[in-house]
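I opened my notebook to look for empty space inside this protein. Here is what I looked up, entry by entry.

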Amino acid sequence: MPPMAHQFSRRQFASTSAALGFYALTARRAGSATAETHSIRIDPASSLGIIRPQLHSHFSEHLGSCTYGGLWVGPNSKISNIHGYRREAIEYLKALGIPVLRWPGGCFADDYHWRDGIGSADKRPKTVNIHWGDYVEDNSFGTHEFVGLCRLIGAEPYFAGNVGSGTPEELRDWVEYCNYPSGSRLSDERAANGSPEPFRVKYWGIGNENWGCGGQMRPEEYSGYYRRFANFVRPFGGTVPFPIACGPNRNNKDWTEKFFEAMPPGRRNIAGYSMHYYSNGPLPATRYTPEAMQQQFESFARLEQAIADQREILDRFDPQHRIGLIVDEWGVWDRMVPEEQQKYGHLWQQNTIRCGIAAALGLNLFHRNAAKLYMCNIAQIVNVLQSVLLTDGDRCIRTPTYYAFELLKPHRGKTAVKVENDERSSVGLSISASRRNGELILTLVNPRPDAAMNVACSVAGKSVSAATARILHHADLNACNTFDRPDEVVPKDYTATASGSGMRVDLPPLSVVTVQARLS
Ligand code: AHR
């Protein structure tokens, strides 16, 4: 589907474009590089919903070197740390702002028993991570350490509970341990373990991918499990839990329909419904071709369609639109390189400008669908899949994905507004725009490796001034930040010209530009 579904009337659009001297979409040659000309029209008075900061959330798992060795190095490590947390990672994540962080999985969640990760670290049991390589972990990172991490970086914790191999009692007790203020056996145990104050955890996933690694269930079967487990996730001390049901892989409508059909209407204790949608790619991260990249980018139009379809089914069962649609795993999943996994752990992949572009395509489409979505969590935060940080020994670098999140951060909390985009290809110019009071934020993405884009932007009924811009760009689609060259792909200040009710933004191939402007 084309990137923008919201249309101005063709006549209105044509007359505005002509008045501003903008061109219809054409392609012309500028030197040897192709340059496309685009006209877009922003309606700052419209509303597509508030861009909840939670759409920019993250996910961490006990997988490869995401948790152990990535976020957590332990208090006795030679690597600079804050009570065991890698100091540089904390600083970078805090600066980026992580609205919500999901943990401990993933597949790992449905084999995680929270009691293994509390109490004196040297007495915690050694357990086998059966999903990610059968390695033995010492459980030195558990509930207290995760909440401590969230507090340090300013994130709200999101716990994924164990349905696959756990019991309702175990989940019920975890909620009490975290949230009951004081005086019960479990809250006293929490206090004895160093946290008299309750953790006040709001987000509780009732399993993960229960159609797959979380138990290989049928939707009707999971519906029964959901009802039973969620029933014991109770409010304590003013913290009202937000139970999240496991939704489909990609756009599996059958899963969603059967899950809800099997759920008696009066017994739906569901606050969120989470789908997973990865953008798989056929090649190792640093060996992409333009064709393989295009193939991967095409998945973002399908993700946008999946959000529309899944929301439509949800609304059928929940006409009052009470259930929040969540995409709690998304991102590029490239072909793994065995030597890299050997060195850095399972699902480690480099992160190139292509990944930065992919992150911006994802965030742009989440903004455009702000009214349909509650939360989105890219997978995963450090050293796994589309990470924002990569680590090697004591080194920690920011990836192009980190910088894409940074560029799109100004949209958080603003109202998404309609844009007429003349792009007709699903892998062409991508846009999201938002406003608050007199401020307009516009993010434009050029995912083409072979064509620049000159974009004329008109703003309906307003004058634009004081436009400042930042760009993330690299001409080589396999360019990345390495431990030796950590600043190969970094954002830079950029120029956007504003005059009257128009702006002009030129996008080189493979670029993300965010413009911030004043409207009057
Ligand atoms: O993110 C890696 C894995 O992908 C997660 O553990 C699982 O939920 C998904 O299949």
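Entry one, the cavities. I found three cavities of 30 Å³ or more in the structure. On a 1 Å grid over the protein atoms alone, a cavity is a set of points where a 1.4 Å probe fits but cannot get out. Grid points are joined across faces, edges and corners, and a volume is the space filled by probe spheres set on the points. I noted that this is a predicted model, where local features need pLDDT of at least 70 and side-chain atom pairs count only at pLDDT 80 or more, while totals for chains, interfaces and linings use all residues. Residues are numbered from 1 along each chain as its sequence is written, and side-chain values use heavy atoms, with hydrogens and water left out.

Entry two, the second largest cavity. Its space is about 80 Å³. I listed 18 lining residues (those with an atom within 4 Å of a point). Nearest the centre of this cavity are Gly207, Cys246, Ser274, His276 and Asp328. By class, the lining has nine nonpolar, six polar and three charged residues. Here Ala, Val, Leu, Ile, Met, Phe, Trp, Tyr, Cys and Pro count as nonpolar, Asp, Glu, Lys and Arg as charged, and the others, Gly among them, as polar.

Entry three, the strands around it. Which strand gives the largest share of this lining? It is S11, with five residues. Strands (E, at least two residues) and helices (H or I, at least four) are DSSP runs, numbered from the N terminus. S11 covers 242-249. I see S11 as largely enclosed by the rest of the structure, because seven of its eight residues are buried (under 20% relative accessible area, 1.4 Å probe, protein chains only).

Entry four, the neighbours of S11. S10 pairs with S11 in the parallel sense over four bridges; two strands pair if DSSP finds at least two bridges between them. In this pairing I found Tyr203 opposite Phe242. S11 also pairs with S12 in the parallel sense, over four bridges, and Asn249 stands opposite His276 there.

Entry five, the largest pocket. A pocket is an open set of points with protein on both sides within 12 Å along at least five of seven lines. The largest pocket holds about 170 Å³ of space. It is lined by 17 residues, and Glu209, His276, Tyr278, Glu329 and Trp333 are the closest to its centre. S12 gives the most to this lining, three residues.

Key:
Buried means under 20% relative accessible area, exposed over 50%, partly exposed in between (1.4 Å probe, protein chains only).
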